[in-house]
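Biologist: I would like a close look at one part of this chain, the nonpolar core, set against the rest of the fold. Please take me through the surface and the overall build on the way there, and then out to the end of the chain.

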Amino acid sequence: MTSAPIVVHRPSHSGGRRVTVHSSGRNEILGTAYSDHDLVVFLEGAGVADPEAVLDDPQWVEWRGGPAHEFSAT
C-alpha cells in the first residue's frame with residue numbers, strides 16, 4: 001500500500017474535515033468530521049475494530065492540509 005486507507009482532508013473554510021476511505025479500488029466519502037469523536041464514529045461505521053487506536057497511526061490515517069486533530073475553519 002502506498003498511502004493510508006483513511007484520509008482526513010484539510011479543514012474547510014466553514015470548519016470540519018472531509019473523511020474518505022479507500023476500499024475496493026475506490027474512495028468513499030464517510031462524511032465531515034468536526035471532532036475526533038465524529039471521526040471515531042465514521043471509522044466504526046466503516047468497520048475499523050478499534051478506531052481510537054488508529055487515529056495517530058500513519059499506516060491507517062493520513063491527515064492532510066493541517067495538523068492532526070484540528071477541525072476548526074481555515
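Modeller: The exposed surface of the chain comes to about 4500 Å², and carbon and sulfur atoms supply 49% of that area. This is a predicted model, so every value here is computed from predicted coordinates. Turning to charge, there are 5 positive and 10 negative charges, and the mean positions of the two sets lie 14 Å apart.

Under that surface, 34% of the 74 residues count as buried. The secondary structure consists of two helices and four strands, which follow one another along the sequence as β-β-β-α-α-β. The chain is as compact as a globular protein of its length, because its radius of gyration is 11 Å and the globule rule gives a close value, 11 Å, for 74 residues. The C-alpha trace spans about 30 × 20 × 20 Å along its principal axes. Among the contacts with a separation of 6 or more, 42% join residues that are 24 or more positions apart.

Now the core itself. In soluble globular proteins, nonpolar side chains tend to be buried together. The largest nonpolar core here has 14 residues, and the members that touch the most others are I6, L39, L43, V61 and W63. Four elements each supply at least two residues of this core: the strands β1 (6-11), β2 (17-23) and β4 (61-63), and the helix α1 (36-45). The biggest contribution is that of α1, with three residues.

W63 deserves a separate look, as one of the core residues that touch the most other members. Not counting residues up to four places away in sequence, W63 touches V8, R17, D36, L39, L55, A68, H69 and F71. Two of these partners, R17 and D36, carry charges of opposite sign. V8 falls within the range of β1, R17 within that of β2, and D36 and L39 within that of α1.

R17 leads on to strand β3 (residues 26-33), where G31 is found. With a relative accessible area of 18%, G31 is buried, because the cut-off for that class is under 20%. Outside its neighbours within four places in sequence, G31 is in contact with R17, R18, V19 and F42. R17 and G31 are 14 residues apart along the chain, and their C-alpha atoms are separated by 8.3 Å. The range of β2 takes in R17, R18 and V19, while F42 lies in that of α1.

Last, the end of the chain. A73 sits in the segment after β4, and T74 is placed in that segment as well. A73 counts as partly exposed, at 43% relative accessibility, whereas T74 counts as exposed, at 58%. Leaving aside neighbours within four places in sequence, A73 is in contact with S12, H13, S14 and G15. On the same basis, the contacts of T74 are P11, S12 and H13. One of these, P11, is the last residue in the range of β1. As for distances, the C-alpha atoms of A73 and V48 are separated by 27 Å, with their positions 25 residues apart along the chain. T74 and S3 are 71 residues apart along the chain, and 25 Å separates their C-alpha atoms.

Terms used:
Residues are numbered from 1 along each chain as its sequence is written. This is a predicted model: local features need pLDDT of at least 70, side-chain atom pairs count only at pLDDT 80 or more; totals for chains, interfaces and linings use all residues. Side-chain values use heavy atoms; hydrogens and water are left out. A nonpolar core is a set of buried Ala, Val, Leu, Ile, Met, Phe, Trp, Tyr and Cys residues joined through side-chain atoms within 4.5 Å. Buried means under 20% relative accessible area, exposed over 50%, partly exposed in between (1.4 Å probe, protein chains only). Contact means heavy atoms within 4.5 Å. The radius of gyration is taken over C-alpha atoms; the globule rule is 2.2 Å times the number of residues to the power 0.38. Accessible areas come from the Shrake-Rupley method with a 1.4 Å probe; for residues, only the protein chains shown count as cover. The place of a charge is taken as NZ of Lys, CZ of Arg, CG of Asp or CD of Glu.
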